[in-house]
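Take a look at the protein chain below and get a feel for how it is put together. Then we can walk through it piece by piece.

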Amino acid sequence: MTHDADLTRRTLLVAGGAGTALALAACAPGDPNTDTDAGTASPAEVAVLSDIPVGGAIAVMFDGAQIIVSQPTAGEVVAFSAICTHQGCIVVPEKKGLNCPCHMSLFDTATGAVLQGPATEPLPAVTVTLDGDKVLAG
């Protein structure tokens with residue numbers, strides 16, 4: 001009886017190992033179903049220029065995350081991650097800058113630079129371009 005139990009355990013381990021190998025192979029690099037080469041992805045429209053106040057910013061979603069899109073001067077757009085570099089809260093566009101409501105860090109809408117701590121690092125930039133009046137990210 002012990003011999004049968006060992007054989008069953010061994011069989012399960014072998015079968016489990018094969019299943020794991022198949023699952024890992026399905027996610028292997030180069031698999032056309034999982035390969036996401038950013039170089040070939042089309043930019044996504046995230047905003048319309050007229051929706052962004054000159055000198056101000058708006059929060060939008062891009063690729064499952066919130067970003068901040070700013071228009072420092074008429075016709076110029078920049079974007080930043082909306083995740084505060086202090087402790088990961090989401091910053092909010094306000095007249096005085098990009099405010100973190102958790103610990104009151106304040107970031108510049110045009111550069112993402114820290115204007116007031118406790119954050120010490122600027123907001124990471126997100127690449128955006130203009131196509132007519134459409135703001136594209138990615």
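## Hairpin, sheets and cysteines

Strand 10 and strand 11 make a hairpin with 2 residues between them, and G132 in that turn has a positive phi of about 70°. Strands here are DSSP runs of E with at least two residues, helices are runs of H or I with at least four, and both are numbered from the N terminus. Before going on, note that this is a predicted model, where local features need pLDDT of at least 70 and side-chain atom pairs count only at pLDDT 80 or more, while totals for chains, interfaces and linings use all residues. Residues are numbered from 1 along each chain as its sequence is written, and side-chain values use heavy atoms, with hydrogens and water left out.

**The overall plan.** The protein chain has 1 helix and 11 strands. Going along the sequence, the pattern is α-β-β-β-β-β-β-β-β-β-β-β. Of the 138 residues, 28% are buried; buried means under 20% relative accessible area, exposed over 50%, and partly exposed in between, using a 1.4 Å probe and protein chains only.

**How sure is the predictor?** The score to look at is pLDDT, the predictor's confidence in each residue, from 0 to 100. The protein chain averages 79, and 70% of the residues score at least 70. Confidence is lowest in helix 1 (residues 2-26), with a mean of 41, and highest in strand 7, at 97. Over residues 4-38 the pLDDT is below 50, and this stretch has 6 contacts in the model beyond near neighbours in sequence. A contact means heavy atoms within 4.5 Å. Where pLDDT is low, the predicted coordinates should not be read in detail.

**Strands side by side.** Strands of a sheet pair through backbone hydrogen bonds, either parallel or antiparallel. Two strands count as paired if DSSP finds at least two bridges between them. One open sheet of 4 strands has the order 2-3-4-9, with antiparallel pairing. Its edge strands are strand 2 and strand 9 (125-126), each pairing on one side only. Another open sheet of 4 strands runs 5-6-7-8, again with antiparallel pairing. There the edges are strand 5 (92-94) and strand 8 (114-116), and each pairs on one side only.

Here are some antiparallel pairs, each with a bridge partner you can find in the model:

| Strands | Bridges | Residues opposite each other |
|---|---|---|
| strand 1 and strand 11 | 4 bridges | A47 and V135 |
| strand 10 and strand 11 | 4 bridges | T129 and L136 |
| strand 3 and strand 4 | 4 bridges | V69 and A79 |
| strand 7 and strand 8 | 2 bridges | L106 and Q116 |

**What sits inside?** In soluble globular proteins, nonpolar side chains tend to be buried together. A nonpolar core is a set of buried Ala, Val, Leu, Ile, Met, Phe, Trp, Tyr and Cys residues joined through side-chain atoms within 4.5 Å. The largest one has 14 residues, and those with the most contacts inside it are V46, A47, I52, V60, V69 and V135. The elements giving two or more residues to this core are strand 1 (44-48), strand 2 (56-62), strand 3 (65-71) and strand 11 (134-137). Apart from this core lies another, of 13 residues, including I68, V78, F107 and L123. Back in the largest core, try clicking on V46: leaving out residues up to four places away in sequence, V46 touches V60, M61, F62, V69, V135 and A137.

**The cysteines.** How many disulfides does a search of the whole structure find? The answer is 1 disulfide, where a disulfide is a pair of cysteine sulfur atoms within 2.5 Å. The bond joins C89 to C102, with 2.1 Å from S to S. C89 lies in the loop between strand 4 (78-81) and strand 5, and C102 in the loop between strand 6 (97-99) and strand 7, 13 residues apart. With -105° about the S-S bond, the link of C89 and C102 is left-handed.

Are these two cysteines buried or partly exposed? C89 counts as buried because its relative accessibility is 16%, while C102, at 42%, counts as partly exposed. C84 is in no disulfide, and its nearest cysteine sulfur, that of C100, is 3.8 Å away. C84 is buried, at 3% relative accessibility. C100 is in no disulfide either, and C100 counts as buried at 1% relative accessibility.
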